[in-house]
Amino acid sequence: MEINYDTGKIVVAGGRRLTGTVRISGAKNAALVLICAATMATEPVILENVPDISDIHVLVQILKEIGIEVTWPAEGTLAISATGAPQLPPPYQLVKKLRASNLLLGPLLARFGQAQVSLPGGCNIGVRPMDLHFKGLAALGAEIRMEKGTVLASAGRLRGARIYLDFPSVGATENIMMAACLAEGQTILENVAKEPEIVDLANFLNCLGARVRGAGTDVIKIEGTAQLKGCLRYNVIPDRIEAGTYMIAAAATRGSVQLSGVIPRHLEPLCAKLREAGVSVTEGEDSVLVQGDGNYQPIDIKTLPYPGFPTDLQSQMMAFLSTVPGISLITENIFENRYRVADELARMGARIKVEGRLAVIEGVPALQGTQVRASDLRAGAALVIAGLMAQGRTEIYNPGYIFRGYHDIIGKLSSLGAEIAFQAE
Ligand code: EPZ
């Protein structure tokens, strides 16, 4: 019988220190865009280190629904063969579940001359507009219109252009990069996102035969080509947000946890902040050791585009700081509504005051376990951390949000000594 992970709950018995080693999975936000980019390949693609999480399975289902052949030849390995033209539009029921399906816009438009994606509704962290995506694609020559919440894009051969992004949007950078690979001539993209997932996308596109230079800096230059071939055995980068979540959980439970299979450089913003709070962080070649003794100081955090502190670790840090003595400040500069977890943490005894983009956290001696509800993926992760720290038992509802982005979070935390389980409805 198929278990419905959207219902049920995650139950945590708090108060146990996390100790041991945990292996980090492939990056959700890299794998999602690489799968979209693979629809541009005229020959087979093999992606490795793809995380087994529900967001990936939804995107795989969308590709299958539009006639693209996708199989899992081995655990964590995805084989994609987009030889024929897709049958558009992808089914709304699936697209509305996954905002990242909007990353199909650039690839399908560039290769097949048309694309239809649903404007993914706002989610629980903000409105999530796509104006920067549309500005860039229109600059390349696309006609973009909206019809009943569906984005309809069409174009003949796209032409390279010089494009300045008003904001270094990750998704806009990715959609425009992918489309520009098949545009005629050169595209110069300025004020782009510099996240590691952007660099991973550029490396993958170049493996397909594209000519992308400058990813990871403020300016990306792309020489368009007529078509892209395939790419066998491309390895997705490790997930810096999953890694950061376990690092914060280790600090929060005053534990000692070694993370393996990471790229420490991608974790720098968090390492710096944890050290500032008094947590010991030791970086290895492809590992990080986090040790916390509870002698912590309050800190100030501002979320910013990479290499600033990542917004996707903001909720988790809020949970951690809720029992750090003193006053900590968080300023959320990326999304306008990413403090909903504060209300749930308050139910556990946290003292958090939200004023617009500023959250003021007054540390309390301990949180108390109770029933709480996840409102988005990272808020759910923050509640797991809070449950691990709290006295007593915490029940986290809407666990499906958490399973969207964390492969085997129950198994990984249990192997670190947590007393945690998923209870189906
Ligand atoms: C990506 O979302 C990630 N998702 C998000 O991770 C992450 O939080 C975000 O980047 C920021 O790092 C994926 O990669 C699948 P943005 P994206 O475009 O691309 C505004 C998670 O938990 N904006 O950089 O949607 C927007 O409103 C998810 O894994 C415009 O104004 O983020 C937001 O305020 C959550 N116009 C800001 O930019 C646009 O056209 C950042 O958005 C596009 C964005």
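Visitor: Is Lys28 buried or exposed?
Guide: In this predicted model, local features need pLDDT of at least 70, side-chain atom pairs count only at pLDDT 80 or more, and totals for chains, interfaces and linings use all residues. Residues are numbered from 1 along each chain as its sequence is written, and side-chain values use heavy atoms, with hydrogens and water left out. Relative accessible area (1.4 Å probe, protein chains only) under 20% means buried, over 50% exposed, and in between partly exposed. At 9% relative accessibility, Lys28 therefore counts as buried.

Visitor: How many residues apart are Lys28 and Asp55?
Guide: Lys28 forms a salt bridge (side-chain nitrogen of Lys or Arg within 4 Å of a carboxyl oxygen of Asp or Glu) with Asp55, the closest N and O atoms being 3.9 Å apart. Lys28 belongs to helix 1 and Asp55 to helix 2, helices (H or I, at least four residues) and strands (E, at least two) being DSSP runs numbered from the N terminus. The pair thus links distant parts of the chain, at a separation of 27 residues.

Visitor: Which residue forms a salt bridge with Glu48?
Guide: Glu48, in strand 3, counts as buried at 19% relative accessibility, whereas its partner in strand 13 is exposed, with a relative accessible area of 58%. The closest N and O atoms lie 2.8 Å apart, and the partner of Glu48 is Arg233.

Visitor: How far apart in sequence are the parts that Arg16 and Glu419 tie together?
Guide: The side chains of Arg16 and Glu419 meet in a salt bridge of 2.7 Å, N to O. Because Arg16 lies in the loop between strand 1 and strand 2 and Glu419 in strand 23, the separation is 403 residues.
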